[in-house]
Amino acid sequence: MTAESAAPPVFCAAHLLDSWDERHPQRAFAELAAQTAPSRPDGTPVVAGREELAEFLRHPAVHATDGVHFNLGAQRPLIPLDLDGDVHRRYRKLLDPLFTPKQVARLEPMIRARTDALIDGFAGHGEAELMSALCAPLPTHLFIDLLGLPLEDLPFFLDFKEAVVRPQGDTVEDQQQNMRVAGERMYDYLVTTLHERRTRPATDDLIAGFLVAEVEGERLTDTEIVDICYLLVIAGLDTVTCSLSCILAWFAEHPDERRRVIADPSLLGPAIEELMRFESPVPLGHRWVAEDIEIAGRRFAAGSTVEVVWAAANVDEQAHADPLTMQPARQRNAHVAFAAGPHRCLGSNLARLELRVAVEQFHRRIPEYEVAAGQSVTYLNYGVRAAVHLPIAFPVT
Amino acid sequence: MRVSVNREHCQGHAQCLVIAPDVFDLDDADGRATVLADPVPATAADSARDAADRCPEQAISVSG
């Protein structure tokens with residue numbers, strides 16, 4: 001067994017560059033975007049340029065998976081993430097309307113209330129570690145609300161999230177085994193929940209919606225609902241947690257910009273979009289190529305797994321002027337932080353709303369804050385990028 | 001000014017309708033963006049251009 005196969009895999013090709021920096025990875029991502037036909041050491045092709053990425057994702061032979069290996073500890077294809085073609089479109093047609101801007105707007109009061117409740121826990125202390133105090137619990141609370149699940153199950157969801165997104169294990173095999181075990185527990189939980197729900201009177205939440213939803217005249221099976229919920233758990237919790245942590249860390253370190261968005265709340269939405277481009281909390285995804293194809297003169301062989309690096313496309317200087325500068329008022333910002341193509345993030349508008357409302361509410365309660373004296377923000381870029389340790393200090397009023 | 005949406009490239013991100021609600025909406029039938037205002041009134045021109053600049057699929061064309 002070589003050293004390489006024994007160690008956890010390098011998460012992204014950009015991590016191998018000399019310019020890689022955990023705190024400021026943008027330079028390495030930009031370098032990756034500028035490379036011609038980049039690949040990982042094992043030969044896995046990497047797609048990192050904005051133009052190439054757009055064309056690649058549109059190609060019908062570019063699939064989510066090879067049909068055998070699924071994302072993140074799943075026993076069956078995650079719905080809709082691991083599906084393609086007509087099957088995929090059917091599910092998206094059912095799910096997309098539940099997550100339009102208008103639909104998710106109804107959740108604004110709940111997001112604000114949950115944010116306030118969490119801030120109540122530390123507003124009087126003059127200090128807080130925001131990842132644990134706000135960023136991790138908030139999306140999980142909201143998710144539980146959205147699915148109508150009991151609040152006491154919050155720790156279970158937090159543990160599961162950690163287990164699959166940042167699997168423990170010294171080797172790939174160990175990590176996959178740990179993810180599988182966590183996944184099995186989550187499947188069991190969801191199956192039990194669904195059985196219970198069918199025996200109760202109708203509730204007004206996402207699960208209730210799934211129970212009556214139809215795809216081409218047919219109801220969803222329990223298995224399909226479980227698979228969708230499983231995906232929502234993976235896709236909707238950690239991503240928002242990490243995004244929120246990156247955003248608050250940035251505002252903690254840029255007081256002038258923070259004051260600007262506080263003075264004029266209409267600036268916050270665009271600032272968050274620009275932070276999504278710059279931070280790219282979900283840095284990459286994978287695709288599988290079903291046939292030999294050519295994209296902008298580059299060949300991809302049938303059967304290839306490809307690493308698609310959103311974070312690199314987001315700082316591609318061919319697509320973004322002065323890409324390494326965070327410009328809150330940046331106009332041309334066709335970023336792919338929520339991916340692109342058929343698998344573009346289903347929950348993107350819910351995420352945007354959560355982020356904007358949480359930051360807005362945080363700033364209403366605690367407008368002045370900074371990284372605690374003598375401490376620093378710790379970034380992790382394994383899985384989703386996050387400010388995993390975000391210690392702040394603030395005046396108590 | 002006129003805008004059009006390439007409905008094959010559109011994936012329903014819906015940013016256009018958030019940015020320029022007078023110009024774009026979502027088609028309930030297929031979840032793709034549709035154009036409400038053709039031609040685009042002068043008051044909505046800036047937001048329509050902004051929407052085109054921000055479409056992750058670069059599916060919006062602007063002319064005139």
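I began with long-range contacts in chain B of this predicted model. Counting contacts with a separation of 6 or more, I found that 61% join residues 24 or more positions apart.

Next I looked up how much of chain B is buried. The share is 44% of its 64 residues.

Then I went through the secondary structure. Chain B has 2 helices and 4 strands, and along the sequence they run β-α-β-β-α-β. I checked the radius of gyration next: 10 Å for chain B, close to the 11 Å from the globule rule for 64 residues, so chain B is as compact as a globular protein of that length. I also noted the box filled by the C-alpha atoms of chain B, roughly 30 × 20 × 15 Å along the principal axes.

On to where the two chains touch. How many residues does each chain bring to the contact? Chain A gives 19 residues and chain B gives 15. I sorted the chain A side by class and got 8 nonpolar, 7 polar and 4 charged residues.

Last, I turned to a sheet in chain A. It is an open sheet of 3 strands, ordered 3-13-10, with antiparallel pairing. Which strands sit at the edges? They are strand 3 (127-129) and strand 10 (370-371) of chain A, each pairing on one side only. I followed one pairing further: strand 10 of chain A meets strand 13 (residues 391-393) of chain A over 2 bridges, in the antiparallel sense. For A:E370, I wrote down A:A393 as the bridge partner in strand 13 of chain A.

Notes
Residues numbered from 1 in each chain as written. Chains lettered and ligands numbered in written order. Predicted model: local features only at pLDDT ≥ 70, side-chain atom pairs only at ≥ 80, totals over all residues. Pairing = 2+ DSSP bridges. Contact = placed C-beta atoms within 7 Å. Nonpolar A, V, L, I, M, F, W, Y, C, P; charged D, E, K, R; others polar. Rg over C-alpha atoms; globule rule 2.2 N^0.38 Å. Buried ≥ 20, exposed ≤ 12 C-beta atoms within 10 Å, placed from the backbone.
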